[in-house]
Amino acid sequence: MAVKIYAIRHMPVDMSGICYGQSDVLAQAASAQVLCKIHQQLPCGFSLRTSVCRLYSSPLQRCVALAQALFPAQVLISDVRLQELNFGDWELQPWDAIERAQLDLWAQEPLAFCMPNGESFAQLIARVEQWLASCVSHEESEANNPLVAVTHAGVIRALAVICGGASVKQALNLKAPFASVHVFEYASSGKSH
């Protein structure tokens, strides 16, 4: 059984040049114009009835705030598996302060490289796929209802690998601007796009 996923990236944060990953930093509030633009990319009715979609969010406030602004009447399910990549010791450090050799290792092995006291992209992919599988298996009666997930660029790139069949290189090059909507399809018996 396949389910459609609408993954929405959070609003911009004021962290230019800083590695913030799973740090719980504030984002800009979404204007009415931005909310309207996002809703135009979703199937008709998503914002009108609570039963049309299943709404998930990363627990980080930059995602929760956008999810609540988009769907104020909808039940919001917060899931830690939708958090950004855990950058470990790099969190809240300026990118130019991180040891160049470490960044080079990450560039050489983007799937397997594990941030010091953090996680690898492979681990991120595994937890996002676990979230997807649990959504489909535990809610089979609602499996025809799309999933909406307000989340992060790393999770969107993981979804591109899991659902879209993208290579790691393609996924890491995927543009995921703030407040952008990305549509995927996931089948519990296999991947589809």
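**Entry 1: helix H5**

I looked up the buried residues of helix H5 in this predicted model and found Ala153, Gly154, Val155, Ile156, Ala158, Leu159, Ala160, Val161 and Ile162. I noted that 9 of the 10 residues of H5 are buried, so the helix is largely enclosed by the rest of the structure.

**Entry 2: Gly154**

I then turned to one residue of this helix, Gly154, which lies in H5, residues 153-162. Is Gly154 buried or exposed? Its relative accessibility is 9%, and because buried means under 20%, I entered Gly154 as buried.

Which residues does Gly154 touch, leaving aside those up to four places away in sequence? I recorded Glu84, Phe121 and Leu124. I also looked up the separation of Gly154 and Asn86: they stand 68 residues apart in sequence, and their C-alpha atoms are 9.8 Å apart in space.

**Entry 3: helix H2**

I next examined helix H2, which covers residues 61-70. Its buried residues are Arg62, Cys63, Val64, Leu66, Ala67 and Leu70. What covers these buried residues of H2? I listed several elements, including helix H1 (32-40) and four strands: E1 (2-9), E3 (54-57), E4 (76-78) and E6 (147-151).

**Entry 4: aromatic rings**

I searched the whole structure for aromatic pairs and obtained 8. In one of them, Phe87 and Trp95, the ring centres are 5.7 Å apart and the planes stand at 90°, so I classed the pair as edge-to-face. Trp95 also pairs with Trp90, again edge-to-face, at 6.3 Å centre to centre and with 75° between the planes.

I checked how far each of these three residues is accessible. Phe87 has a relative accessible area of 9% and is therefore buried. Trp90, at 5% relative accessibility, likewise counts as buried. Trp95 has a relative accessible area of 31%; since partly exposed runs from 20% to 50%, I entered Trp95 as partly exposed.

Which residues do the ring pairs link into a cluster? I wrote down Phe87, Trp90, Trp95, Trp106 and Phe113.

**Entry 5: a charge over a ring**

Lastly, I looked up where the charged end of Arg9 sits. I found this charged end over the ring of Phe178, at 4.0 Å from the ring centre.

Notes:
Residues numbered from 1 in each chain as written. Predicted model: local features only at pLDDT ≥ 70, side-chain atom pairs only at ≥ 80, totals over all residues. Heavy atoms only, no water. Buried < 20%, exposed > 50% of the residue type's maximum accessible area, 1.4 Å probe, protein only. Helix = DSSP H or I, 4+ residues; strand = E, 2+ residues; numbered from the N terminus. Contact = heavy atoms within 4.5 Å. Phe/Tyr/Trp six-rings, centres within 6.5 Å; stacked < 30°, edge-to-face > 60°. Lys NZ or Arg CZ within 6 Å of the ring centre and 35° of its normal.
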